[in-house]
Amino acid sequence: MPELFTGQPSWLIIVCLALAFGYATSLYFRDRKNEFPGYLKTILGIVRFLAIFFISFLLLAPFVKTTSKEKEKPLLIFALDNSESVIIHKDSLAVKSELPAILDNLADKLTERGEAQKYYFDEKVYRLDGSADYNSSAAFNGKATDIANAVGEIVNIYTNRNIGALILVSDGIFNTGTNPLYRAKDIPFPVYTVALGDTSIRKDLVVAGVNYNRMVYLNNKFPLELVVRAGNAAGNQSRLRIVQQDNVLFSQDFQVNDDDFTQTFRIVLEAKRKGLQKFTVIIDPIDGELSYSNNRKDIFVEVLDAKSRVLILSGAPHPDISALRQAILSNMNYEVDVSTLNDFTGKLDSYSLVILHQLPSVNFPAENITREITEKAIPVLFILGKQSDLARVNQSKPGLSIVTARPSFEEAVPKYNPAFSAFSLSESTVSWLSDLPPLVAPLGDYQVANAARVLVSQRIGSVETTRPLILLNETLEGRKGIIAGEGLWKWRLFNFARFQNHQSFNELINKLVQYLSLKDQKKNFRVYQPGSFRETTPVIFDAEVYNDNYELTTLPEVQLSIINEEGKTFPYVFNKTGNSYHLDAGAFPPGNYSFRAETSLDGRTLYETGEFSVLSLDLEALNTVADHNLLYQISSETGGEMFYPADLDKLASAILEREDIRPLTYTGKKYEDLLNKSWILLLILGLLTLEWFVRKRAGSY
């Protein structure tokens, strides 16, 4: 029922009535000798009274409150495991051909109780729209399974909604993400599980793991550690082989001694050819195996011709230096020399990058070092600190000039620049950057060169500034970078305290080192790509084009062709993003690929070639034993039950019989201002028009 309220005290309504009554009375009843008849004066008085009352009442800002009730049907959410492991067992044909239709029928049957929502999942979650069904959508081709992520996504999507139940259809095998049982403890609605798969151990040989270095050096020997697992195959004999281009590099027979068999093989190979090399690990199959797909695994090893050398020079020891050294050495492509300025006797031009920690300084001007770096165009990274001589650093033209009357410093927290395009950082590293402790940075007037790129700017307290904290600059004289603060060691410790590893810190430092130390820096066309991808992740390329003034340009189009091992070519065109180019080529099947990127600049054809590998993701074939106990625990933890595919009628009955799965009634209140109602304006205009018409008709104005 609508209710009327005003924004002013209620007694003012009486004032509005009195005002309207007084106005109408004084106009029509003050003079008894008025030319209108009595009945007409009464009509005109009432019309004028109503018009004046409505006008004055609107000045009180009245509004109408309406209360409504809405019913929300409970949501019954279906989540089907779409991974490969679901159909690697004896009933796989029935699951693939019959189960999707059965689930569709079950969802239709339960619509009398609630609204069905359908999802399927592997390592990601996918929603079916209203017209789709499982029978036409389920392919059971997912390469990994993350049950916890699927449940978490569904909970997040339907937060504050009336969820009646989740029907989770899976074999209970998860091979990525956290244990779904931990997530189940926080689920506020029942989870009914449908147990698929086979819990018995079937006869199977598996390449369970291959541990190896993904980068080695030419003519060096490198180790492989292979883990072979066998189930229910005692008494059988097989052979392990390592093959490269039909050449058998290693072969060894082994005997399976029991039904739960595991053996580790340690093998040493030699890197005889440079470039991206493919090796295949093969276990000869035995009769009656569950699956042959897990009997082989391809690995890709990048064979490098030589290591790049990095020199860290300083005036005195500092904990930053150790942090930098350990981060750079985490990449096998680099070797690091550390020295103080007084002890250094080597040749600068033998290094791919020189890192000057608080050099030049007041006590160590390092004039000869900075002069040679400039003359020979040696890439350099300056790290500023309290000992830095800012005037001498400015003379080296690193892309940043800091002018200050007297040395003073303040704590600066990093703020990532999302427009930075020279290279990309992972999402986890970008998130990590926003939480880091501050560096001690110089206070002064920061002047940034036009060609410089700011990776991280400074935030002082709660104030975000435009002053760079990490900056990269590239000119015809070479690449230079600057970290405008000391205390990097705290970032490394923070990384370990948060994640129990140094991955984000290592990634940041290695990306800086890789960018600055890149050879052939004066090329007008460059293409960047990681070198290897998983088969479930997209193949990503970034490119840059420089004009003759060595300025970034995006005027020309950039094409790229990817060639697989059979010689088939896949053509692409780069997208322009800011001052650079980006290409997402999508996911590729496992294998070794080459590429050629090409563009045209001022009539010249520029091109880049390279190789990359796509690694197979064999997680689904490593474990084929269904975990029904996990499904049972999830159901028990949330107040649901576990059923088998043959008992889906019982599942429907269990849901229909629950009294707590019912519609919820929500009460909503709506407030509307009378001033926004068009009918009230029409009413007032109508009253005034009626009064004017009657007066005119009666011969008066």
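Guide: Two strands pair if DSSP finds at least two bridges between them, and the strands (E, at least two residues) and helices (H or I, at least four) are themselves DSSP runs, numbered from the N terminus. The model is predicted, and local features need pLDDT of at least 70, side-chain atom pairs count only at pLDDT 80 or more, and totals for chains, interfaces and linings use all residues. Residues are numbered from 1 along each chain as its sequence is written, while side-chain values use heavy atoms and leave out hydrogens and water.

Visitor: How do you know that β2 and β37 pair, and in which sense do they do it?

Guide: Between β2 and strand β37 (residues 664-673) there are ten bridges, set against the at least two that pairing requires, and the sense is antiparallel. Individual positions show the register: Lys 69 has Thr 667 in β37 as its bridge partner, and Phe 63 stands opposite Asp 673 of β37. Strand β2 (residues 62-72) also pairs with strand β1 (residues 3-6), again in the antiparallel sense, over four bridges, and there Leu 4 is matched with Val 64 in β2.

Visitor: What makes β1 and β37 the edges of their sheet?

Guide: The sheet is open, with three strands in the order β1-β2-β37 and antiparallel pairing. β1 and β37 each have a single partner strand, so one side of each is left without a neighbour in the sheet. Neighbouring strands here are turned by 30° against each other on average, with direction ignored.

Visitor: Which strands make up the mixed sheet, and which of them are called edge strands?

Guide: Six strands in the order β5-β4-β3-β6-β7-β36 form an open sheet whose pairing is mixed. Its edge strands are β5 (125-127) and β36 (642-643), each of which pairs on one side only. Strand β7 (residues 191-195) and β36 pair in the parallel sense over two bridges, which meets the requirement of at least two. Thr 193 has Met 642 in β36 as its bridge partner.

Visitor: Which strands of that sheet does α3 touch, and at what angle to β3 does its direction lie?

Guide: Helix α3 packs on the sheet by touching β3, β4 and β6, and its direction makes about 175° with that of β3 (axes are lines fitted to C-alpha atoms, for helices over the stretch in contact, and angles run from 0 to 180 degrees between N-to-C directions). Helix α5 (residues 147-157) packs on the sheet as well, touching β3, β4, β5 and β6, with its direction at about 160° to that of β6.

Visitor: Where in α3 is the kink, and how does the helix span compare with the expected value?

Guide: The kink, of about 45°, lies at Glu 98, shortly before the proline Pro 100; the bend is the angle between axes fitted to the seven residues ending at a position and the seven starting there. Helix α3 (residues 92-109) has 18 residues and reaches 25 Å from its first C-alpha to its last, close to the 26 Å expected, where the expected span is 1.5 Å times one less than the number of residues. Among its buried residues are Val 95, Leu 99, Pro 100 and Leu 103, and the buried residues pack against elements including β4 (115-121) and α15 (648-656).

Visitor: Why is Arg 467 called buried?

Guide: Its relative accessible area is 15%, and buried means under 20%, exposed over 50% and partly exposed in between (1.4 Å probe, protein chains only). Arg 467 belongs to strand β25 (residues 463-475), and its side chain makes a polar contact with that of Glu 410 at 2.6 Å. A polar contact is a pair of N or O atoms within 3.5 Å; within protein, one must be able to donate a hydrogen and the other to accept it, and residues adjacent in sequence count only if both atoms are side-chain atoms. Leaving aside residues up to four places away in sequence, Arg 467 touches, among others, Leu 443, Tyr 446 and Ile 460 (contact means heavy atoms within 4.5 Å).

Visitor: Is Gly 275 buried, exposed or partly exposed?

Guide: Gly 275 is partly exposed, since its relative accessible area of 21% falls between the two limits. The residue lies in strand β14 (residues 275-283), and its C-alpha is separated by 9.7 Å from that of Phe 612, 337 residues apart along the chain.

Visitor: What makes the backbone at Gln 245, Asp 246 and Pro 360 stand out?

Guide: Most residues other than glycine have a negative phi, and most peptide bonds are trans. Gln 245 has a positive phi of about 50° and Asp 246 one of about 70°, although neither is a glycine. Gln 245 lies in the loop between β11 (237-244) and β12 (247-255), as does Asp 246. Gln 245 counts as exposed at 58% relative accessibility, and Asp 246 is exposed at 75%. The peptide bond from Leu 359 to Pro 360 is cis, with omega near -5°, and Pro 360 is found in the loop between β18 (353-357) and α8 (367-375).
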